[in-house]
Amino acid sequence: MKKIELHSVSKKQLKQIHTWLRAAIQLLYFIFIPSVYTAAFAGVKYIFTQIGAGGRIELTSFVTVLILICLYTILFGRFFCGFACAFGTLGDAVHVLYRYIFKKIKKKPLLISDEWANWLDKLKYVVLTAIVLMCFAGVYGKAKGTSPWDVFSMIRAGNFKLGGYIVGLLILILILVGMCLEERFFCRNLCPMGAVFSLLPVFPFFALHRDRENCIKGCSACTKKCPSGIGLPKDGSPRVEGDCFQCQKCIDTCPKGNIHTGIRSLKGNEIWFTLFRGILLAAILIWAGV
């Protein structure tokens, strides 16, 4: 059988390959390593609970996962959010299904407006602050049953005994509705770990940049395709967009091919580079015992 060279693949075919590769990685993480988000956030809660109680902060398994994920994010950006987070994968699946259903019935789907989206994306910092303060005050434990990600983890594990988690279940249902109305609704607007990641000092080496000088005037295709609606920093800028999920959609969308990492020769969505980051992250998490 004749070998198909990568350069002979059309732009459309390559875009499809990137889409299916991301979906495959997301599915594998969802099936085999679904608890990373919960473990990392448990580390955040533990740290602030200990600080509030004046206790000693030990290197627990949750804190270890939190540190490793943060260090990985500082180096590679929010690849975890775009490819490995079970909650993010759920959001992508729900939104795609919602759009597919409306396409089939030939109706325009109801979506959150850009104006509301730009306002709502600040809520994740409010959520993080509220949880941190509750942990610091030692009252977060009394709010058991209100966490939507705890409910999600239980359902994901096949545990449907949700009698004491009615509030959390209702919040999860509301989040699922939001996931229909906006791509990456939870990640963009409500995720406390997303707030943590967006505040990290991410290195610019693998962060995405745009060669604005060669852009088509008035295009903005990358921003329109971006789940966070962000505008990428210009070429050579040390600025990094903390809300970039590293989903890579903008790279294939750009009609001029202007988007690349801080290393100009590296686009960021090369198959080998995506696989390298996915495998490295999995190896780190398995080593940490997740």
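**Reading a predicted model**

Modeller: In this predicted model, the stretch 190–208 is 37% helix and 5% strand, with its end C-alpha atoms 23 Å apart. Residues 271–289 come out at 89% helix and 0% strand, and there the end C-alpha atoms lie 27 Å apart.

Colleague: What marks residues 190–208 and 271–289 as "transmembrane region"?

Modeller: That label comes from UniProt, in an unreviewed entry. The entry also lists other stretches, including 20–44 and 56–75.

Colleague: Why is Arg22 called buried or exposed?

Modeller: Its relative accessibility is 10%. Buried means under 20%, so Arg22 counts as buried. Arg22 sits in helix 1, residues 11–32.

Colleague: What makes the link from the side chain of Arg22 to the backbone oxygen of Gly82 a polar contact?

Modeller: The distance is 3.0 Å. The cut-off for such a pair of N or O atoms is within 3.5 Å, so this one qualifies. Arg22 also touches other residues, among them Asp92, Arg184 and Lys249.

Colleague: Why does Ala53 count as buried or exposed?

Modeller: Ala53 has 63% relative accessibility. Exposed means over 50%, so Ala53 is exposed. Ala53 belongs to helix 2, residues 36–53. Its C-alpha is 7.2 Å from that of Phe136, 83 residues away in sequence.

Colleague: How do you know where confidence is highest and lowest among the helices?

Modeller: By mean pLDDT: helix 14 (residues 271–287) is highest at 97, and helix 8 (residues 148–156) lowest at 86. The chain mean is 91.

Colleague: What about residues 1–6?

Modeller: Their pLDDT stays under 50. Where pLDDT is low, predicted coordinates should not be read in detail.

Terms used. Residues are numbered from 1 along each chain as its sequence is written. This is a predicted model: local features need pLDDT of at least 70, side-chain atom pairs count only at pLDDT 80 or more; totals for chains, interfaces and linings use all residues. Side-chain values use heavy atoms; hydrogens and water are left out. Helices (H or I, at least four residues) and strands (E, at least two) are DSSP runs, numbered from the N terminus. Buried means under 20% relative accessible area, exposed over 50%, partly exposed in between (1.4 Å probe, protein chains only). pLDDT is the predictor's confidence in each residue, from 0 to 100. Contact means heavy atoms within 4.5 Å. UniProt positions are given in the numbering used here, feature names are shortened, and annotations may be inferred rather than shown by experiment. A polar contact is a pair of N or O atoms within 3.5 Å; within protein, one must be able to donate a hydrogen and the other to accept it, and residues adjacent in sequence count only if both atoms are side-chain atoms. Lists of a residue's contacts leave out its neighbours within four places in sequence.
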